[in-house]
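Dear colleague,

Here is the structure I promised to hand over, and my notes on it follow below. Please read them with the model open beside you.

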Amino acid sequence: MSNRKVHSSLQPFFLSLSLTALYVLLIIGVAAINGASISSFSAVLGGFTVAVGLALSGTFQNFAGGVLILLLKPFELEDSIVAQGQDGKVISIQIFYTVLITADNKTVIIPNGKLFNEVIVNVTREGRRRLDFEIKIGYAADVQQVIKIIENAIKTNKAILKDTNNRVGISALEVDGVKYLVNVWVNPSDILSAKLALHEKILIDMCAAGIRLPGV
C-alpha cells in the first residue's frame, strides 16, 4: 500500500479488512479439509454477513464517504468549510468522520456519510473572499462625499486586497435613506477583522464629517 501511495489514514483499515478476509478463508479451508459441508457453512456465513451489513449500514456509508473525500478532495486539512450547518476549519479527516474547529473554538465532528452527500462550501480554495455589506445614509448627505469616505476607509485598511475589483455604489433608494453597497476582497482568514475595522473607520469618518445616519 505504501508503494502504491495509498493514503496513510486508509492503510490501517485496509490492513484489518485484509487480515479478517484471510482468516475467514483460512477457517473455510480448514473446515473443507476436515470434511465439513462448505454449502452449509457458506449459508451461515452469508446470513451472518447480511445481518452485520444491515447493522453497520450507517458505518459503511460513513466509510464510503471518507474514502471519497480522501480521493476526490473537495476539501483538505486547514481548509475552512461550511457544511451541515457548521462553519469551521478542517483539522482532521478520518475514515468515518471529519473534525472541524469553529471560530469560537468548538470542536465539531461530522460523519463522512452525511458530509459527502450534502452541499460543501469551501471558502479557502479560491484564495480570497469577497466581503459584502450595505450602509444606509440619509438623503441630506452628499453622495460623492459619502462614497469618498468609504473609499478612503478601504484604502487605509491593510487587510483589504488592493489589486482587486473593490466597489462602492448606491444599491437602493428607500424612504428613510440611501443604501450604499460595499464590495471588497480579502484573504479568507482576514474577513472578520477586515469587516470590523472597516465599519469602525467608516463610522468615525462619517461622524467627523457631520454626516448623520438615519434615526440619529
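I begin with strand β1 (residues 80-83), which runs antiparallel to β5 and is joined to it by two bridges, where two strands count as paired if DSSP finds at least two bridges between them. Within this pairing, Ile81 stands opposite Asn122 of β5. Helices (H or I, at least four residues) and strands (E, at least two) are DSSP runs, numbered from the N terminus.

Before going further, please keep in mind that this is a predicted model, in which local features need pLDDT of at least 70 and side-chain atom pairs count only at pLDDT 80 or more, whereas totals for chains, interfaces and linings use all residues. Residues are numbered from 1 along each chain as its sequence is written, and side-chain values use heavy atoms, with hydrogens and water left out.

On its other pairing, β1 meets strand β2 (residues 86-93) in the antiparallel sense over four bridges, with Val82 opposite Asp87. These two strands form a hairpin with two residues between them, and Gln84 in the turn has a positive phi of about 55 degrees. Strand β2 is in turn joined by five bridges to the antiparallel strand β3 (residues 97-102), a hairpin connection that passes through three residues, and here Gly88 stands opposite Thr102. Taken together, these strands belong to an open, antiparallel sheet of five strands in the order β4-β3-β2-β1-β5, whose edge strands, β4 (107-111) and β5 (121-122), each pair on one side only.

The other sheet is also open and has three antiparallel strands in the order β6-β8-β7. Since β6 (129-137) and β7 (167-174) stand at its edges with a single partner strand each, one side of each is left without a neighbour in the sheet. The twist averages 25 degrees from one strand to the next; for this and the angles below, axes are lines fitted to C-alpha atoms, for helices over the stretch in contact, and angles run from 0 to 180 degrees between N-to-C directions. Strand β6 pairs with β8 (residues 177-186) in the antiparallel sense over nine bridges, and the bridge partner of Ile137 in β8 is Val178.

Helix α5 (residues 143-156) packs on this sheet, touching β6, β7 and β8, and its direction makes about 20 degrees with that of β8, contact meaning heavy atoms within 4.5 Å. Helix α6 (residues 191-208) lies across β6 and β8 and runs at about 25 degrees to β6. Asp205 lies in helix α6 and is buried, with a relative accessible area of 16%; buried means under 20%, exposed over 50% and partly exposed in between (1.4 Å probe, protein chains only). Leaving aside its neighbours within four places in sequence, Asp205 is in contact with Ile149 and Asn152.

Turning to helix α1 (residues 11-33), Leu15 has its place there and, at 47% relative accessibility, counts as partly exposed.

For the chain as a whole, there are six helices and eight strands, and 28% of the 216 residues count as buried. Of the contacts with a separation of 6 or more, 61% are between residues 24 or more positions apart.

With best regards
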